[in-house]
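Work through these short exercises with the model open beside you. Try each task before you read its solution.

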Amino acid sequence: MLKNSRKCDCATIELRDNYIYIRYNDLAIVGVKEAKEVGDLAIELCDGKPIAFVIDGLSITVRMNDDAREFIATYPPYLKIRKAQAFLINNIPSRLLAKFFIQFHKPHNPVRICSTLKEAEKWIKTLD
């Protein structure tokens, strides 16, 4: 495994040039335990320093329960490092769910739904 990469049962987390990239496994079921594990691995990779996140949901199905979504939205150590979030989504049901999540949880950092990784990377560069 790469030095700048971590893997757990439900996802792969990578430290890239100026963001944390999270790719959940297709058909992953994410509860609070799994959400905390992904968050803690991201915190470890960025050494606790604020950074943008790209959450890749392209062509996959992930089931995340409400408690896990709430945890991700409110976990203090995660909030401290999350400078911005780009969600990669290429299907309508997931896009609607992401929009609902963003409206319901009102993130304290900039958030964008993107269709491609290039679009997300371009947007992240504008935040620096």
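Helices, at least four residues long, and strands, at least two, are DSSP runs numbered from the N terminus. The model is predicted.

**Exercise 1. Take stock of the fold**

Task: State how many helices and strands the protein has, and give their order.

Solution:
- Step 1. Count the elements. There are five helices and eight strands.
- Step 2. Read along the sequence. The pattern is β-β-β-β-α-β-β-α-α-β-α-β-α.
- Step 3. Check the radius of gyration. It is 13 Å, close to the 14 Å that the globule rule gives for 128 residues, so the protein is as compact as a globular protein of that length.
- Step 4. Look at the extent. The C-alpha trace spans about 35 × 30 × 25 Å along its principal axes.
- Step 5. Look at the contacts. Of those with a separation of 6 or more, 74% join residues 24 or more positions apart.

**Exercise 2. Test the length of a helix**

Task: Find what span helix H4 should have, and compare it with the distance between its end C-alpha atoms.

Solution:
- Step 1. Note the range. H4 covers residues 92–105, which makes 14 residues.
- Step 2. Apply the rule. At 1.5 Å a residue, H4 should span 20 Å.
- Step 3. Compare. The end C-alpha atoms of H4 are 20 Å apart, which agrees.
- Step 4. Step past the end. Just after H4, lysine 106 takes a positive phi of about 40°.

**Exercise 3. Find the two sides of H4**

Task: Identify the buried residues of H4 and say what they pack against.

Solution:
- Step 1. Apply the cut-off. Buried means under 20% relative accessible area.
- Step 2. List the residues. Ala98, Phe101, Ile102 and His105 are the buried residues of H4.
- Step 3. Place them around the axis. They cover an arc of only 95°, which puts them on the same side of H4.
- Step 4. Recall the geometry. An α-helix has 3.6 residues a turn, so residues three or four places apart point the same way.
- Step 5. Turn to the other side of H4. There Ile92, Pro93, Leu96, Gln103 and Phe104 are exposed.
- Step 6. Find the partners. The buried residues of H4 pack against helix H2 (66–74), S7 and strand S8 (111–114).

**Exercise 4. Classify one residue**

Task: Is glutamine 85 buried or exposed?

Solution:
- Step 1. Locate the residue. Glutamine 85 lies in strand S7, residues 82–88.
- Step 2. Use its relative accessibility. At 5%, glutamine 85 counts as buried.
- Step 3. See what surrounds it. Beyond four places away in sequence, glutamine 85 touches several residues, including Phe53, Ile55, Pro107 and Trp123.
- Step 4. Set this against the whole. Of the 128 residues of the protein, 45% count as buried.

Methods. Residues are numbered from 1 along each chain as its sequence is written. This is a predicted model: local features need pLDDT of at least 70, side-chain atom pairs count only at pLDDT 80 or more; totals for chains, interfaces and linings use all residues. Side-chain values use heavy atoms; hydrogens and water are left out. Buried means under 20% relative accessible area, exposed over 50%, partly exposed in between (1.4 Å probe, protein chains only). Contact means heavy atoms within 4.5 Å. The expected span of a helix is 1.5 Å times one less than its number of residues. The arc is that of the directions from the helix axis to the C-beta atoms. The radius of gyration is taken over C-alpha atoms; the globule rule is 2.2 Å times the number of residues to the power 0.38.
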